[in-house]
Amino acid sequence: MSKKTSKVIEVDAIVVKFAGDSGDGMQLSGSQFSDTSAFAGNDLSTFPDYPSEIRAPQGTVAGVSGFQLHIGHKEIDTPGDLADVLVAMNPAALKANMKWVKSGATIIIDIDNFDNKYYKKAGYIEDPLGDGTLDGYNVVKAPISQLSKSSVKDLGVDSKSAERTKNQFALGILYWLFNKDLKFGEEFIENKFGSKKPLLAEANKRVLRAGYNYAETVEALHTTYQINPIKNRKGRFRNITGNIATAWGLMAAAERAGMELFLGSYPITPASEILQELSNMKHFRVKTFQAEDEIAGINAAIGASFAGDFAVTSTSGPGLALKGEAIGLAVITELPLVIIDVQRGGPATGLPTKLEQADLMQALYGRNGESPCVVIAASTPANCFHYAFMAGKITLEHMTPVILLTDGYLANGSELWNIPVIKNMPEINPPFVEDNTEYQPYERNKDNLARYWALPGQEGLRHRIGGLEKEDITGNVSHNPLNHERMVHLREEKVQKVADVIPEIKVSGEESGDLLVVGWGGTYGALVSAVKDMQEEGKKVSLAQFNYIKPLPKNTAEVFGRFKKIIVCELNMGQFVNYLRMNLPEFDYLQYNKIQGLPFMISELKEKINKILEG
Amino acid sequence: MLEEIKTKQLNTTKADYKSDQVVKWCAGCGDFAILSAVQSALVESNVRKEDVVFVSGIGCSSRFPYYMNTYGFHGLHGRGAAIASGIKVANPKLDVWHITGDGDSMAIGGNHFIHLVRRNIDMNVILFNNKIYGLTKGQYSPTTPRGSITKTSPDGTIENPFKPGELTMGAQGSFFARVVDTEPKRMKEVFLEATKHRGTSMVEVLQNCVIFNNRIHSEITGKDVRDDHQIHLEHGKPMIFGKEKNKGLVLRASRLEVVTIGENGITEDDILVHDAQNPDDTTHYMLVRMTLPEYPVATGVIRFCEYNEPYDAELESQVERAIEKSEMKSVQELIETNSFIVD
């Protein structure tokens, strides 16, 4: 793997975008290159961008599937605004992504697919290779399809499988371009196809190498790039997506509590992977129940919770709407339950594969009656693990349902994760009851107001609970007016008591200043990147990113009071800002909202923040 | 014999199953008899009272768990089946009973009903079928006979009613029984059969709503007509009914037919023998569909099959096998897969 002619330039960070037909293996290429970069010690953040149709018409813009990857020598917080390198497997992929690449970017195209037939499918009237569209870009026209096929010709793989290796050819070019060790790529292929399909493994490895050799040979690439390992970072790491981190965080909580995990769920984009991942965890006594609908999913989970499991249900926005009534049942029966909402664009079916902080109001208020839940939100793919764990701890110790909000961007995006030691994580001690003790189902712990939890099968603790209003202490059905008011207050107070155990909000940057940027959940990467940039420019801007939303951290008002202005940035019409206006009305809030199914771009945030600072 | 000894050891009485709550059904409601029969069945069923869980949805019948001194869960309208499923799957050692009505299980919970049956989760279901909405005061239900005049069908219903037995068969049910609320002994026997069956044991009780649909089942349950209008099926016994015990069922041209023994050369040997355990449900299907006036209404255990492991048991064995096969013992090992150390 010698570098004969090209020069190597060291860079801090690079953004690569893979784009092709939904069936071209772009998601796989992205994951493979992410893992390789992680093993090479780079920090990284990724985001897959795929259409909601499984296989939209081939060659059309609607069918383009993309995977964006930001790797760096320094800390990386977002998948990047614009790409330095675009791999476009066909004209549609080029067309869909031209506005997301930097000027002067390297664009690698599969020239075999750039013909009139594909131009027409992509909606190009003129040949984009000849009409000046690509002037100023470094375009590598590689015969990817043809060379992939010919390099596996003698292996005897069928033509369809041979065709499908072409993503590896494109990857091979990137391995060369970024001086990545092919060994990691080969290992990834081995793990993917394993011993079950040795022929396919061999074909893919061979094409990966062919791409690498091609890049080394052609003269189109004069320069390669080196992204050195990130410094001052020690420990055990891996690349992880938000959905997997969520599933594992729940498992860690179950293990820490000494309980079995039960997931009642119904498949829905972009949350299904949580159900899939946990379905493969029976060896940890994890039980998954793929229900007939969202409603049965949560009700089965409530049943499992009554029976003494750590119960969870997972969904996305439309599913949360269907679960509303049952969340109320968990509220009134005061049983532990974690509800995970991987948010997506709404209303109704909305934008299933696109990003929106769509459901904060729904999580807080989307139920009949006074129905308080703890609401928390993860803010990076990797910290989905931590917040899933904390959702478990809070629900099991406080006997109140917890809604954990993530989003499609966190769920499918990935980043490098510094793996924690689970036995050093907080203990989880649910308020179980000993057999044959004096038991009143609605007697409470004085400190956190959690009721005690007796399980079917235990001797001397038989009792009945349900969805009708409960009499304080005894849990008997009661229509008494004053009792109802008391119970409504108790359930709310119990949720507010959670503020005693959650951390205070910490700002990124100076403790006081001209402007406090406020965000919540998954916008952390973009907001922190924008704020850091502006701090480096000498501006007095800090960031407060909220993970605990109901209840709010105790020091929220104090922190807000130290800044001259507050702007709340959200990917919705202002759900959090209005929640803050209601809870902390003593402050004036500016707001910045984007509702395009897309994340914030760092550049647009900086522009907005600068305007405020100037004005 | 062994069972009797065990029962004695458990030493439960009917009083053990009565809760301290005042039973608030209308005077004369069929539910009282069902409650009593369930309590009697439990005394004989040889289960630990701590292991018994009653789960319900919403409706008059769904207040049932409050009146049982067992573990109990009063759920949401239609969702009892899903809640009960979660309980049983989480802890298969529990003896789970799901109490529901014709509105709860056939309308708002129809979807959960068929999927519960299809999954064959090991529990006993008692479906109180009074063919009317009682708790909401008299609207028609999915089992109300076509043409019935109710508060919401002043000109008669224009919907075809469901037969719970047909839905059970259509969802590949492994157990179906039907019984009337006026016969406590038979109710108790049928409930006991349900407890013996592994899988979803569906029992339809034809129950009388004294306020909103009084005498809806009287053509079946009335003392003067019941022997001629009901056929009580018992496994291994010929399908004979009637005051004179001279009527029976035969199969002719793929149809059931009522015949009279002693007429047209028919003898007892010609009468079908009830085989509740036949995995082929063709005959069971025909039996649950029988309606007056052409046929008597079938009661007793119509189907009792155990051709599949119940869902909960199957899942439990998948879990056991997975644990046996896996070398991974802690979540720490899992989260460290594909990881690397940076020094």
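These legends describe close-up views of a predicted model.

**View 1. Domains 2 and 3 of chain A meet.**
The domain assignment splits chain A into domain 1 (7-226), domain 2 (239-424) and domain 3 (513-614). This view takes the last two of these. The C-alpha centres of domain 2 and domain 3 of chain A are 26 Å apart. Contact involves 23 residues of domain 2 of chain A and 20 residues of domain 3 of chain A. On the domain 2 side, the elements giving two or more residues are α13 (360-365), β14 (374-377), β15 (402-407) and α15 (408-412) of chain A. Which element gives the most to this side? It is β14(A), with four residues. By type, the domain 2 residues that touch domain 3 of chain A are 15 nonpolar, five polar and three charged.

**View 2. Strand β3 of chain A lies buried.**
Is strand β3(A) enclosed or open? Seven of the seven residues of β3 (residues 43-49) of chain A are buried, so the strand is largely enclosed by the rest of the structure. Look at its two faces in turn. On one side sit A:Asp43, A:Ser45, A:Phe47 and A:Asp49, and they are all buried. On the other side sit A:Leu44, A:Thr46 and A:Pro48, and they are all buried too.

**View 3. β3 of chain A pairs with β4 and β16 of chain A.**
Strand β4 (residues 64-72) of chain A runs antiparallel to β3(A), and seven bridges join the two. Within this pairing, A:Leu44 has A:Ile71 of β4(A) as its bridge partner. Strand β16 (residues 414-418) of chain A also pairs with β3(A) in the antiparallel sense, over two bridges. Here the bridge partner of A:Thr46 is A:Ser414 of β16(A).

**View 4. Helix α17 of chain A packs against its surroundings.**
Helix α17 of chain A covers residues 524-536. How far should its 13 residues span at 1.5 Å a residue? The expected span is 18 Å, and the end C-alpha atoms are 18 Å apart, which agrees. The buried residues of α17(A) are A:Tyr524, A:Gly525, A:Ala526, A:Leu527, A:Val528, A:Ser529, A:Ala530, A:Val531 and A:Met534. They pack against β3, β18 (513-520), β19 (541-546), β21 (563-570) and α20 (602-614) of chain A. So β3(A), the buried strand of View 2, is one of the elements that the buried residues of α17(A) pack against. Just after the helix, A:Gly538 takes a positive phi of about 90°.

**View 5. Chain A touches chain B.**
Here 53 residues of chain A are in contact with 47 residues of chain B. On the chain A side, β9 (235-241), α9 (242-257), β10 (261-265), β11 (287-290), α11 (294-307), α12 (317-333) and β17 each supply at least two residues. α11(A) gives the most to this side, with 10 residues. The chain A residues that touch chain B divide into 25 nonpolar, 13 polar and 15 charged. Strands meet across the two chains as well. β9(A) pairs with strand β12 (residues 340-342) of chain B in the antiparallel sense, over three bridges. In that pairing, A:Gly235 has B:Val342 as its bridge partner.

**View 6. A nine-stranded sheet takes strands from both chains.**
What is the strand order of this open sheet? The order is β17(A)-β2(B)-β1(B)-β3(B)-β4(B)-β6(B)-β5(B)-β11(B)-β7(B), with mixed pairing. The edge strands are β17 (464-466) of chain A and β7 (230-233) of chain B, and each pairs on one side only. From one strand to the next, the twist averages 20°. Within the sheet, β4 (residues 123-129) and β6 (residues 200-206) of chain B pair in the parallel sense over seven bridges. B:Asn129 has B:Leu206 of β6(B) as its bridge partner. Helix α3 (residues 80-90) of chain B packs on the sheet. This helix touches β1 (52-56), β2 (71-74), β3 (95-101) and β4 of chain B. Its direction makes about 175° with that of β3(B).

**View 7. Three strands of chain B form an open sheet.**
The order is β8-β9-β10 (chain B), and the pairing is antiparallel. The edge strands are β8 (240-241) and β10 (255-260) of chain B, each pairing on one side only. β8(B) pairs with β9 (residues 247-252) of chain B over two bridges. B:Ile240 stands opposite B:Gly248 of β9(B).

Note on methods. Residues are numbered from 1 along each chain as its sequence is written. Chains are lettered from A and ligands numbered from 1 in the order in which they are written. This is a predicted model: local features need pLDDT of at least 70, side-chain atom pairs count only at pLDDT 80 or more; totals for chains, interfaces and linings use all residues. Domain bounds come from an automatic or database domain assignment. Two residues are in contact if their C-beta atoms, placed from the backbone, lie within 7 Å. Ala, Val, Leu, Ile, Met, Phe, Trp, Tyr, Cys and Pro count as nonpolar, Asp, Glu, Lys and Arg as charged, and the others, Gly among them, as polar. Two strands pair if DSSP finds at least two bridges between them. Axes are lines fitted to C-alpha atoms, for helices over the stretch in contact, and angles run from 0 to 180 degrees between N-to-C directions. A residue is buried if 20 or more other C-beta atoms lie within 10 Å of its own, exposed if 12 or fewer, and partly exposed in between; C-beta atoms are placed from the backbone. The expected span of a helix is 1.5 Å times one less than its number of residues.
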